[in-house]
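User: I'm new to this one and would like to learn how to read its sheet and its cysteines. Can you walk me through it?

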Amino acid sequence: MSFSFCSLSSGSSGNCQYIETKNAKILVDAGFTGKRVIELLNNIDVDPKEIDAILVTHEHIDHAKGVGILSRKYNIPIYANEKTWIAMEPIIKTVKSENIKIINANKNFEIKDILVHPFNVSHDALDPLGYLLFNEMKKITILTDTGCVNEGIKSKIRGSHLFFIEANHDVEMLRNGSYPIYLKERILSQKGHLSNDACLEILNEVLVGENERVLLAHLSKENNLPQLAYKIIHDGLKRSGYDVDKEVNIYLTNRDNHTEIFHI
Ligand SMILES: [Zn+2]
Ligand SMILES: [Zn+2]
């Protein structure tokens with residue numbers, strides 16, 4: 001076993017993912033109050049004191065809310081790019097200078113035995129990132145909050161053993177739903193979020209059918225239904241010839257509860 005991965009919570013009300021290797025314990029995003037993140041960690045028997053780092057994808061409140069509090073309370077280094085640091089400062093407030101780690105897209109860095117590769121995504125934040133995480137021979141993709149995915153990203157994420165990938169909305173539900181026009185347009189734009197169909201399209205191009213785990217992430221409460229997202233992607237991959245449930249396994253993430261802990 002190389003990685004353990006648990007989605008502590010995913011959705012527009014807050015995002016926090018837990019990743020563990022032999023030597024490292026990290027979070028990707030902490031978009032809840034510090035108290036809630038501690039609770040979420042306690043639910044899977046992880047002591048927040050042991051967290052080695054928090055990687056931040058972008059400054060939106062559902063990703064950054066608890067980052068500062070956790071860093072101050074447990075002396076945790078925070079990794080984000082320069083623009084995200086500037087944008088999230090009013091949210092996370094002052095943290096110890098030694099815990100400010102400035103990273104750059106496409107420049108790898110290490111957190112103990114995890115090699116991290118940040119890459120640019122397309123979202124209405126100042127400079128949002130996705131992440132690839134490597135340990136031993138295993139690779140994890142973290143890809144949420146992006147309106148589109150280009151060929152460059154697809155080639156990076158291909159070959160991952162676990163995909164934490166956004167299936168934010170169903171286009172029809174969003175179009176017919178109660179959101180104001182400007183918000184619908186924002187979500188549907190190139191700098192918005194991936195729909196169920198877009199997620200399927202990407203997976204169709206990057207999965208190789210070698211026992212990958214696909215975790216559907218950042219599902220909208222208003223504009224999606226977990227079973228609908230699951231069905232569109234599950235059935236779509238089956239139609240494309242994947243041996244779904246065997247070569248490729250699809251899982252839902254939850255807004256208010258953690259997933260199982262995946263060992264890869
Ligand atoms: Zn988000
Ligand atoms: Zn966002």
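Analyst: Let's go through the sheet, then the cysteines. Keep in mind that this is a predicted model.

User: How many strands form the open sheet, and in what order?

Analyst: Read a sheet by going from neighbour to neighbour. Here seven strands line up as β6-β5-β4-β3-β2-β1-β14, with mixed pairing.

User: Which strands are at the edges?

Analyst: Look for strands that pair on one side only: here those are β6 (100–103) and β14 (262–263).

User: In what sense do β2 and β3 pair?

Analyst: Antiparallel: β2 (residues 16–20) and β3 (residues 25–28) are joined over four bridges. To see one bridge partner, find Glu 20 and look across to Lys 25 in β3.

User: And what does helix α1 touch?

Analyst: Helix α1 (residues 34–43) packs on this sheet, in contact with β1 (4–9), β2 and β3. The direction of α1 makes about 135° with that of β1.

User: Now the cysteines. How many disulfides does the structure hold?

Analyst: Zero. The way to check is to look at sulfur-to-sulfur distances; a disulfide needs two cysteine sulfur atoms within 2.5 Å. For Cys 6, the nearest cysteine sulfur belongs to Cys 16, 9.4 Å away.

User: Why is Cys 199 not bonded to Cys 148?

Analyst: Because their sulfurs are 14 Å apart, which is too far for a bond, and Cys 148 holds the closest cysteine sulfur to that of Cys 199.

User: Is Cys 6 buried or exposed? And which is Cys 199?

Analyst: Cys 6 is buried, at 0% relative accessible area. Cys 199 is buried too, with a value of 0%.

Terms used. Residues are numbered from 1 along each chain as its sequence is written. Chains are lettered from A and ligands numbered from 1 in the order in which they are written. This is a predicted model: local features need pLDDT of at least 70, side-chain atom pairs count only at pLDDT 80 or more; totals for chains, interfaces and linings use all residues. Side-chain values use heavy atoms; hydrogens and water are left out. Two strands pair if DSSP finds at least two bridges between them. Helices (H or I, at least four residues) and strands (E, at least two) are DSSP runs, numbered from the N terminus. Contact means heavy atoms within 4.5 Å. Axes are lines fitted to C-alpha atoms, for helices over the stretch in contact, and angles run from 0 to 180 degrees between N-to-C directions. Buried means under 20% relative accessible area, exposed over 50%, partly exposed in between (1.4 Å probe, protein chains only).
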